[in-house]
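Morning, everyone. Let me put the model up, and then I'll walk through it.

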Amino acid sequence: MTLIISGSNGYNIAQNISTILKVDHINAGTTKFPDHEMRVVLPSSINRETVFIVHSICDPVNDNLVELLLLSDAARAAGAKHITAIIPYLGYGRQDKAYCAYGSAAAKLIANMIKLSGIQHVITLDLHSQRCAEFFDSIDVVDSAEIFADYVKEDSIFVFPDIGSYNRAKKFAYNVGATMFVLGKRRRHDNSCYMCVLTDNIDIYAKNCIIIDDMIDTGETLCQAAALLKQYGAGNIKAFITHAVLSGDATFKLQNSCITNIFTTNTIPKQINNDIFTVLDISSILAIRAMNLR
Ligand code: R5P
């Protein structure tokens, strides 16, 4: 028997998956002590063999990470035999190596904490890198190209602002028959970057360009990439970005950039009140992966 448990941020996706798979869904309760220490309580005894926990490690990232660990521990204590975490957005994934000689490769530690909490398998979407996936013993990384591909309506040039996602990008571009235009990015610091063109043998003059990336955080990468494309004469510029982190004034910056549409997903539950964004539901592609594990 299978059960889906959602934490404080996974309710909608968990409910959609439960409808698609026709399995029960319960929502766990979370309370906090006065010093913000968290307590997680399941609504009843679960008494099921297979449990799926749906929860993103999104803002507030540290609280949501701890909540995921506590949800798993509670499910294990309540008798779950096999626990899969469906983590639509896996925060800390971008720290797949230490920033400097005296830094932490945080993604590896987080993967170990997830395993230690009793989670035996992870289903997630578009990780920052293959290296991050390798920190887990058992992981299924779903490619959101499966849903974005439906929105490639015309001949387009696919633009990748980051060489890190090159392999995923190459497969996506190949599958839809698009040409790739690769940019190189250097960071000045976490909120600022500059771009250069790595494949300048491709003419993008007046062509429709689609920028593809795993996440928008400050929006700096997207804005800089779009500005550079315009310098090269690009026509209409759209973006397909899986995780809408959208920190600070990112939405405002993007609204005032030369990007006309941003297609993103609901891996992070966030009200995005802006016409430039189209939010696509990833529940069905996660449900397909979960179905294979029931
Ligand atoms: C970084 O390597 C990622 O792939 C994204 O390009 C990056 O995290 C986006 O961040 P921001 O929106 O702050 O530029």
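I'll take the sheet, then the helices, then the ligand.

Ground rules. This is a predicted model: local features need pLDDT of at least 70, side-chain atom pairs count only at pLDDT 80 or more, and totals for chains, interfaces and linings use all residues. Residues are numbered from 1 along each chain as its sequence is written, and side-chain values use heavy atoms, with hydrogens and water left out.

The sheet. Seven strands make it up, and it is open. The order is β11-β10-β9-β12-β13-β14-β15, with mixed pairing. Strands here are DSSP E runs of at least two residues, helices are H or I runs of at least four, and both are numbered from the N terminus. Two strands pair if DSSP finds at least two bridges between them. At the edges sit β11 (192-197) and β15 (277-280), each pairing on one side only. On average, neighbouring strands are turned by 25° against each other, direction ignored. Axes are lines fitted to C-alpha atoms, for helices over the stretch in contact; angles run from 0 to 180 degrees between N-to-C directions.

Now both edges. β14 (residues 261-265) runs parallel to β15, joined by four bridges. I262 has F277 as its bridge partner in β15. At the other edge, β10 and β11 are antiparallel, over six bridges. They form a hairpin with two residues between them. There, H189 stands opposite S192 in β11.

Next, the helices. Helix α6 (residues 166-176) lies across β9, β10, β12 and β13, at about 155° to β10. Helix α7 (residues 220-231) lies across β9, β10, β11, β12, β13 and β14, at about 35° to β11.

One residue to pick out: E220, in helix α7. Is E220 buried or exposed? Buried, because its relative accessibility is 13%; the cut-offs are under 20% for buried, over 50% for exposed, and partly exposed in between, with a 1.4 Å probe and protein chains only. Beyond its neighbours within four places in sequence, E220 contacts N191, S192, C193 and K253. Contact means heavy atoms within 4.5 Å.

Finally, the ligand. Which residues come nearest? Of the 13 around it, D162, D213, D214, T218 and T221 do. Around means a heavy atom within 4 Å. Three distances to ligand oxygen atoms follow. A polar side-chain atom of T218 is at 2.5 Å. For G219, a backbone N or O atom is at 2.8 Å. For T221, a side-chain N or O atom is at 2.4 Å. The protein buries 92% of the 370 Å² that the ligand exposes when taken alone.

Conventions: Polar contact = N/O pair within 3.5 Å; in protein donor to acceptor, adjacent residues only side chain to side chain. Areas by Shrake-Rupley, 256 points an atom, 1.4 Å probe, with all protein chains shown as cover.
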